[in-house]
Amino acid sequence: MQKSQFMAGNVTFSMIKPDAYADGNSGAILQMIEKAGFKIKALKLTQLSEQNAGKFYEVHRERPFYKDLCSYMSSGPIMALVLEKQDAVAAFRKLIGATNPAQAEEGTIRKIFAKSIEANAVHGSDSDENALIEASFFFSGLEMF
Ligand code: CMP
């Protein structure tokens with residue numbers, strides 16, 4: 001059996017956001033993720049309450065877009081994903097492109113699927129530490145990988 005790489009540095013957390021799920025783009029996005037060499041280690045279709053969206057995005061509490069972000073992120077189902085690849089955080093951020101789709105590179109997930117800076121199709125962790133914190137927000141028992 002292939003040795004697992006599940007450890008800090010090789011893991012990131014992602015969400016397929018309400019706009020992308022509602023538009024039926026989850027399958028195409030998952031395909032891009034797998035084609036880019038990420039292994040899906042955990043996947044859950046769920047819906048955040050506004051309160052839990054607020055907890056997940058706690059670091060942005062003081063930002064002007066926080067309230068709208070929480071309302072949007074709880075507006076419909078999302079797909080939570082734990083992904084494994086070498087240097088997963090950086091590799092995934094390259095695959096998804098800039099937060100603002102207007103600035104995202106051609107061929108990136110956000111360039112293809114995002115509608116706006118808020119409805120930007122996917123979330124990707126910004127550090128190894130946050131990847132593990134964010135994955136634990138949705139999943140327990142990850143150490144079994
Ligand atoms: P995400 O990677 O999930 O992290 C925080 C989210 O806040 C971001 O993607 C955007 O969807 C959202 N957001 C809304 N407005 C802004 C903004 N002006 N700058 C950065 N992020 C924003």
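**Strand pairing and ligand surroundings**

In the predicted model, Met15 has Ala80 of strand β3 as its bridge partner. This pair introduces the contact between two strands: β1, which covers residues 11–16, and β3, which covers residues 78–84, are joined by 6 bridges and run antiparallel.

Both strands belong to an open sheet built from 4 strands. Across this sheet the order is β2-β3-β1-β4, with antiparallel pairing. The edges are formed by β2, spanning residues 39–46, and by β4, spanning residues 122–124; each of these edge strands pairs on one side only. On average, and with direction ignored, neighbouring strands of the sheet are turned by 20° against each other.

The model also holds a ligand, which sits in the largest pocket. The residues that surround the ligand are Lys17, Tyr57, His60, Phe65, Leu69, Thr99, Arg110, Ile117, Glu118, Asn120 and His123. For three of these residues, distances to oxygen atoms of the ligand can be stated. A polar side-chain atom of Tyr57 lies 2.6 Å from a ligand oxygen atom. For Lys17, the distance from a polar side-chain atom to an oxygen atom of the ligand is 2.7 Å. In the case of His123, a polar side-chain atom is found 2.9 Å from an oxygen atom of the ligand. The ligand taken alone exposes 450 Å², and the protein buries 80% of that area.

Key. Residues numbered from 1 in each chain as written. Predicted model: local features only at pLDDT ≥ 70, side-chain atom pairs only at ≥ 80, totals over all residues. Heavy atoms only, no water. Pairing = 2+ DSSP bridges. Axes fitted to C-alpha atoms, helices over the stretch in contact; angles between N-to-C directions. Near = heavy atom within 4 Å. Polar contact = N/O pair within 3.5 Å; in protein donor to acceptor, adjacent residues only side chain to side chain. Areas by Shrake-Rupley, 256 points an atom, 1.4 Å probe, with all protein chains shown as cover. 1 Å grid on protein atoms, 1.4 Å probe; cavity = no way out; pocket = protein on both sides within 12 Å on 5 of 7 lines; lining within 4 Å. Sits in = over half its atoms within 2 Å of the grid points.
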